[in-house]
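Q: Could you take a close look at one part of this model, the six-stranded open sheet, and then set it beside the other elements described for the chain? I would like a connected account rather than a list.

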Amino acid sequence: MQIAVAQLNLTVGALDANARRLLEAHQLACRAGARVTLTPELSLTGFPPQDLLLRRAFLNDCVQHLQALAAQVDQGVLLVGFPEVDGGQCYNAVALLRRSKVRQIYRKRILCADDKRYFKKGEATSSVVFSEGGTRFVVLCGDDLVKPGPVKAALAAGAQCGLVADARAYQIDDESAYPAWLSVRAKMLGLPLIVAQHVGGQDTQVFMGASMAVASSGVCAQRWPAWHEALALVRVKRGEPEARSNQAQESGEYHVYQALVTAMHDYVQKNGFPGVVMGLSGGVDSALVLALAVDALGARRVQTFMLPSPYTSAMSLEDAEAMAQELGVAHHSIALTPLMAAATKTLTPWLDGAPHALTAQNLQARLRALLLMGLSNQHNWLLLATGNKSEAAVGYSTLYGDMAGGFAPLKDVTKAWVYRLARYRNTLGRIIPERILTRAPSAELAYGQTDQDALPPYETLDVIIEGYVERGEDAAALLEQGVSRKHLKETLHLLAVSEYKRRQAVPGPCITARAFGDDWRYPMTSKWRESLDESVAGKKKAEKKAKKGE
């Protein structure tokens with residue numbers, strides 16, 4: 001028999017549209033010979049619905065739409081994820097629709113931290129094992145694979161294959177890490193698994209798709225395309241999925257780039273913006289954002305503005321214009337100098353003399369934001385912020401200046417990855433001028449300024465960010481990796497004192513295990529600082545104790 005996996009780009013809260021798409025996918029699957037159609041976790045609501053789940057009216061709408069959807073399922077089995085309310089409790093559930101009714105409901109039993117805000121875990125008695133085409137299937141949901149309990153109960157009931165409704169947000173390296181993890185789980189549990197994943201962007205999360213079928217041996221039988229919708233068919237014999245050739249392996253840069261393109265496209269499209277506007281500076285960050293915007297939306301929906309000051313170099317002007325022409329986007333220039341002069345003159349009586357260097361630099365950034373936000377308001381264009389994660393970590397940005405905007409594509413992208421992605425994009429067609437990739441990074445807010453005048457070298461800074469922020473390593477571990485004590489102390493101080501800026505930052509796609517925002521919850525007011533000496537001493541003491549224990 002055949003199972004269909006509906007890998008769909010659904011929209012949170014679009015209950016009518018989501019239900020219609022689920023039904024269309026099931027009907028198409030049935031016409032292709034499938035007996036069961038599996039859809040992702042909370043497929044009816046879109047994922048993640050977040051605090052919509054706290055609204056009784058929303059939950060009632062979900063039930064009504066599920067019942068209406070069930071009434072139209074007149075052949076085969078359709079598995080739909082939805083929030084079930086029973087006895088005043090809400091469950092992350094999967095409904096089995098067959099012969100025009102909701103026949104069974106499975107409640108997710110293993111809840112992640114975010115699930116626990118909204119859902120009560122399902123009881124062992126909520127297991128759903130059903131027969132179709134001579135095979136006994138068990139319905140599972142996402143994190144149910146983390147612990148053996150749900151699967152053991154299903155095996156005891158004679159299950160031969162697991163159908164998993166999942167919703168795994170993309171993180172760097174997931175293209176290889178997740179298949180490896182799923183293969184280990186299938187082999188450990190002794191159960192073949194067919195997994196349906198979401199695809200597409202939803203606010204700060206992005207889903208890659210790449211749904212899978214894994215044999216009980218742990219061998220990947222099939223894996224469907226990443227970053228695209230798919231209605232895939234897998235033939236099952238005695239519970240085991242039939243093996244077919246897998247998709248070609250793509251590079252890590254490909255997947256990260258596609259994640260950012262997908263996130264931007266869906267944020268713009270699902271929120272109804274006609275297009276985007278951005279400041280094009282001639283630097284690598286804005287160059288990469290422009291490339292992403294054009295690949296996501298097309299050149300006609302992208303507007304770029306150069307806002308030169310007396311400190312803007314001829315090289316920046318030339319490279320920005322050259323890239324805009326290469327991509328065919330509308331490119332404009334508005335001189336900033338008159339506004340700078342007017343602002344300085346207006347403020348001078350209150351500055352006790354000439355503005356300080358930092359005051360003057362921040363005025364420029366904020367005046368640029370003033371103009372770009374005015375254009376955004378006038379035309380309903382979404383303003384793209386072009387800052388990256390390395391800058392955000394150490395506060396190398398201006399509140400209400402270059403931090404202004406509606407979406408920040410590079411929010412979770414370090415400077416090292418900015419260069420990797422820019423070079424990757426040029427392998428698909430050289431659009432970013434070589435000088436942008438080789439010149440020293442500069443905000444050009446003062447004559448001769450470079451980023452490294454105020455920051456550790458980006459190569460060092462990014463090692464610290466990836467270690468301390470993303471992997472949670474302590475200072476001792478970073479010192480052992482060769483990070484200088486001076487640069488580490490400086491970076492940790494800047495990281496701590498810049499929290500208030502990050503709290504006001506523009507949203508953007510999360511692609512690492514520790515993105516600034518929901519994944520990073522440090523107080524804005526805190527006097528604690530990690531002591532490098534104590535960290536090293538503590539590690540040595542722990543190692544000595546462990547050695548003694550051996």
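A: What follows begins with that sheet and then turns to the other sheet, a separate hairpin, the salt bridges and the cavities.

The model is a predicted one, and its open sheet of six strands follows the order 6-7-8-9-12-13, with pairing that is mixed. At the edges lie strand 6 (129-132) and strand 13 (220-223), each of which pairs on one side only. Between neighbouring strands of this sheet the average turn is 20 degrees, with direction ignored.

At the strand 6 edge, the partner is strand 7 (residues 135-141), and the two run antiparallel, joined by four bridges. Within this pair, Phe130 has Phe137 of strand 7 as its bridge partner. Strand 6 and strand 7 form a hairpin with two residues between the strands, where Gly133 takes a positive phi near 60 degrees. Towards the other edge, helix 4 (residues 174-189) packs on the sheet, where it touches strand 9 (193-196), strand 12 (212-214) and strand 13, and the direction of helix 4 makes about 35 degrees with that of strand 12.

A second hairpin can be read alongside the one just described. Strand 10 (residues 199-202) and strand 11 (residues 205-208) run antiparallel and are joined by four bridges, with Gly201 standing opposite Val206 of strand 11. Two residues separate strand 10 from strand 11 in this hairpin, and Asp203 in the turn has a positive phi of about 55 degrees.

Ahead of strand 6 in the chain there is a salt bridge to consider, one of the 25 counted in the model. Here Arg107 is joined to Glu123, and their closest N and O atoms are 3.4 Å apart. Arg107 belongs to strand 5 (residues 101-107), whereas Glu123 sits in the loop between strand 5 and strand 6, so the pair links distant parts of the chain, 16 residues apart.The other sheet described here is also open, with four strands in the order 18-17-16-19 and parallel pairing. Its edge strands are strand 18 (330-333) and strand 19 (382-383), each pairing on one side only. Strand 19 is joined to strand 16 (residues 276-279) by two bridges in the parallel sense, and in this pair Val276 stands opposite Leu382 of strand 19. Two helices are described against this sheet. Helix 7 (residues 314-327) lies across strand 17 (302-306) and strand 18, running at about 165 degrees to strand 17, while helix 9 (residues 357-379) packs on the sheet and touches strand 16, strand 17 and strand 19, its direction making about 170 degrees with that of strand 16.

The last topic is enclosed space. The count comes to four cavities of 30 Å³ or more, and the largest of them has a volume of about 220 Å³. The lining of the largest cavity consists of 15 residues, of which Gly387, Asn388, Ala392, Met403 and Ala505 lie nearest its centre. Helix 10 (389-394) and helix 16 (499-502) each supply at least two residues of that lining. By class, seven of the lining residues are nonpolar, three are polar and five are charged.

Definitions and conventions:
Residues are numbered from 1 along each chain as its sequence is written. This is a predicted model: local features need pLDDT of at least 70, side-chain atom pairs count only at pLDDT 80 or more; totals for chains, interfaces and linings use all residues. Side-chain values use heavy atoms; hydrogens and water are left out. On a 1 Å grid over the protein atoms alone, a cavity is a set of points where a 1.4 Å probe fits but cannot get out, and a pocket is an open set with protein on both sides within 12 Å along at least five of seven lines; lining residues have an atom within 4 Å of a point. Grid points are joined across faces, edges and corners, and a volume is the space filled by probe spheres set on the points. Ala, Val, Leu, Ile, Met, Phe, Trp, Tyr, Cys and Pro count as nonpolar, Asp, Glu, Lys and Arg as charged, and the others, Gly among them, as polar. Two strands pair if DSSP finds at least two bridges between them. Axes are lines fitted to C-alpha atoms, for helices over the stretch in contact, and angles run from 0 to 180 degrees between N-to-C directions. Contact means heavy atoms within 4.5 Å. A salt bridge is a side-chain nitrogen of Lys or Arg within 4 Å of a carboxyl oxygen of Asp or Glu.
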